[in-house]
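Please open the model in a viewer and keep the selection tool at hand. The tour below proceeds from one selection to the next.

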Amino acid sequence: MMASSDVDTRGEGPLFSDQNPSEMDALCPSPPGPTRPQRHYERIEGQTGTSFCQTLIHLLKGNIGTGLLGLPLAVKNAGLVLGPISLLFMGVIAVHCMRLLVTCSHHLSAKVNRPSLTYGEAMQHGMENVSWLRRHSHWGRRTVNTFLIITQLGFCCVYFVFLSDNVKQVVEAANATTFNCYMNYTNQTQVVVPSFNSRLYMLCFLPAFVLLVFTPNLKYLAPLSLVANLVMSASLVLIYFYSITNITDPTNLPRVGRAKDYPLFFGTAIFAFEGIGVVLPLENKMHRPQSFTLVLYVGMSIVTFLYISLGTIGYLCFGEHIVGSITLNLPNCWTYQAVKLLYCFGIFITFALQFYVPAEILIPPVLARVSQRWETAVDLLLRTVLVIFTCALAVLIPELDLVISLVGSVSSSFLALIFPPLLQIVTFYPEGLSPLTTAKNTVISMVGLIGFLTGTYAAIEQIITRNGLKHEETLSSYMVQ
């Protein structure tokens, strides 16, 4: 999961710079020069943008991450029949919103005579079309940037929890790990040697993450990013293989889940589909931008198929025992312990890519106010503080499924569902939209808003409940002793 476009490295203040960063800018930089009408021809000095296949790969990478591994539990929360149908429905809406964003960006960039626009800039220029919003249009950019920062830091929190849970499980079962990948229809990895609390694992990972984000340029991580993508792809193949070959009788699985669990499904699903941040950076960097619509439809069709298939197959395989990440259900054998570790390596490298976005929005304005002598020290200090902040949030909520659902409900719902339809309304306000289009956009935004409210409430309620149960168990154990 990745986020939005270019950054003004000496902006006027946090959230206020005219451009947003993207990990794509570091790993896939754009050559300078041509305006949007020229970009389907050869670029300056023979340089070209990304090809169809390269853009497709980046789009897939931007949408496939930890959210995919949490979808079997999401299907459980929605039900065996309602879950896949809902995933398809949300996939269609998410792709439609991505298309709206691209269309509005094209219209507004031509209107303001700019080669391209970021998500925040598009929202700002769109609001300028409405007379009573024009004075406050800068808040459109600031709001998008705020949710972008929340989303990306939320992803980083999820990565802390994901790594701690999976590595903890591997360590605890190390003495009993064999080559026999049997099926016992429970949480597969048996605890043989109890180890530290998962929070302590997060603290152990903290120095490694701090050193990782000290990397001066993400281009240095490009080879490791390629390796990470390959091992994560191989891990997904093995996860599919195990799940398909161990499907159980679905007779007793509920077709429709409990109503109170559906908001948790929404949060997890929209967390997985929140790849809208990569759309404009990828389209802006294509050699032939007019082909991006086909890239979007092909790529997101593949993503939606993966989401529905793994969510359904994973639930069919593990049933009621499915947990926050399907990797935590894999058996106690070397093959699938290696899958967990390889996926953890991929997530570890991806942390730097996700962290790049909020760091490049928040840090440059601060550096602009310090002397050049102290820039490096302040830069490293602020990066350290941001990583410690994400670690602290993860320590406070060490529940992988609930963190994913909370991040999805709080921030991803705005970026992926609520803002794009509103952007189309304000972008084409002078020309006027048909009543049907306006009604459609209103419905989509309301779906996102309802999902935000109910999903956030359900996730917070579950976090409080689980923490209460853990405190009771801890108290009971002390009383027994």
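Begin with Tyr-336 in this predicted model: at 4% relative accessibility, Tyr-336 counts as buried, the cut-off being under 20% relative accessible area. Now add Tyr-242, which at 3% relative accessibility is likewise counted as buried. The search of the whole structure finds 15 aromatic pairs, and Tyr-242 with Tyr-336 is an edge-to-face one, with 5.0 Å from centre to centre and 65° between the planes. Colouring the helices shows that this pair links distant parts of the chain: Tyr-242 belongs to helix H10 (residues 222-245) and Tyr-336 to helix H14, 94 residues apart.

**A second ring pair**

Select Phe-273 and Tyr-307 next. Their ring centres are 4.8 Å apart and their planes stand at 75°, so this pair is edge-to-face. Phe-273 is in helix H11 (residues 262-273) and Tyr-307 in helix H13 (residues 292-318), so the contact between the rings ties together parts that are 34 residues apart in sequence. Both Phe-273 and Tyr-307 are buried.

**A phenylalanine cluster and a charge over a ring**

Display Phe-160, Phe-209, Phe-348, Phe-351 and Phe-355 together; ring pairs link these residues into a cluster. Then move to Trp-139 and show Arg-142 with it: Arg-142 lies over the face of Trp-139, at 4.7 Å from the ring centre.

**Salt bridges**

Side chains of opposite charge can pair when their charged atoms come close. How many salt bridges does a search of the whole structure find? The search returns seven, and three of them are visited here, beginning with Glu-172 and Lys-168.

Select Glu-172 and Lys-168: their side chains meet in a salt bridge with an N to O distance of 2.7 Å. Both residues lie in helix H8 (residues 138-172), where they are four residues apart, about one turn of the helix. Are these two residues buried or exposed? Glu-172 and Lys-168 are both buried.

Proceed to Glu-360 and Arg-383, which form a salt bridge whose closest N and O atoms are 3.3 Å apart. Glu-360 lies in helix H14 (residues 334-367) and Arg-383 in helix H15 (residues 375-396), so this pair ties together parts that are 23 residues apart in sequence. Glu-360 and Arg-383 are both buried.

Keep Arg-383 selected and add Asp-379. The side chains of Asp-379 and Arg-383 meet in a salt bridge at 3.1 Å, N to O. Within helix H15, Asp-379 and Arg-383 are separated by about one helical turn because they are four residues apart. Asp-379 is buried, as is Arg-383. With Glu-360 still displayed, the arrangement may be viewed as a whole: salt bridges that share partners join Glu-360, Asp-379 and Arg-383 into one network.

**Last stop: Asn-166**

Return to helix H8 and select Asn-166, which lies in that helix. At 0% relative accessibility, Asn-166 counts as buried. Which residues is Asn-166 in contact with, leaving aside its neighbours within four places in sequence? Show Thr-327, Leu-328, Lys-340 and Cys-344: Asn-166 is in contact with each of these.

Note on methods
Residues are numbered from 1 along each chain as its sequence is written. This is a predicted model: local features need pLDDT of at least 70, side-chain atom pairs count only at pLDDT 80 or more; totals for chains, interfaces and linings use all residues. Side-chain values use heavy atoms; hydrogens and water are left out. A salt bridge is a side-chain nitrogen of Lys or Arg within 4 Å of a carboxyl oxygen of Asp or Glu. Helices (H or I, at least four residues) and strands (E, at least two) are DSSP runs, numbered from the N terminus. Buried means under 20% relative accessible area, exposed over 50%, partly exposed in between (1.4 Å probe, protein chains only). Rings of Phe, Tyr and Trp (its six-membered ring) pair if their centres lie within 6.5 Å; planes under 30 degrees apart count as stacked, over 60 as edge-to-face and the rest as tilted. A charge sits over a ring if NZ of Lys or CZ of Arg is within 6 Å of the ring centre and within 35 degrees of the ring normal. Contact means heavy atoms within 4.5 Å.
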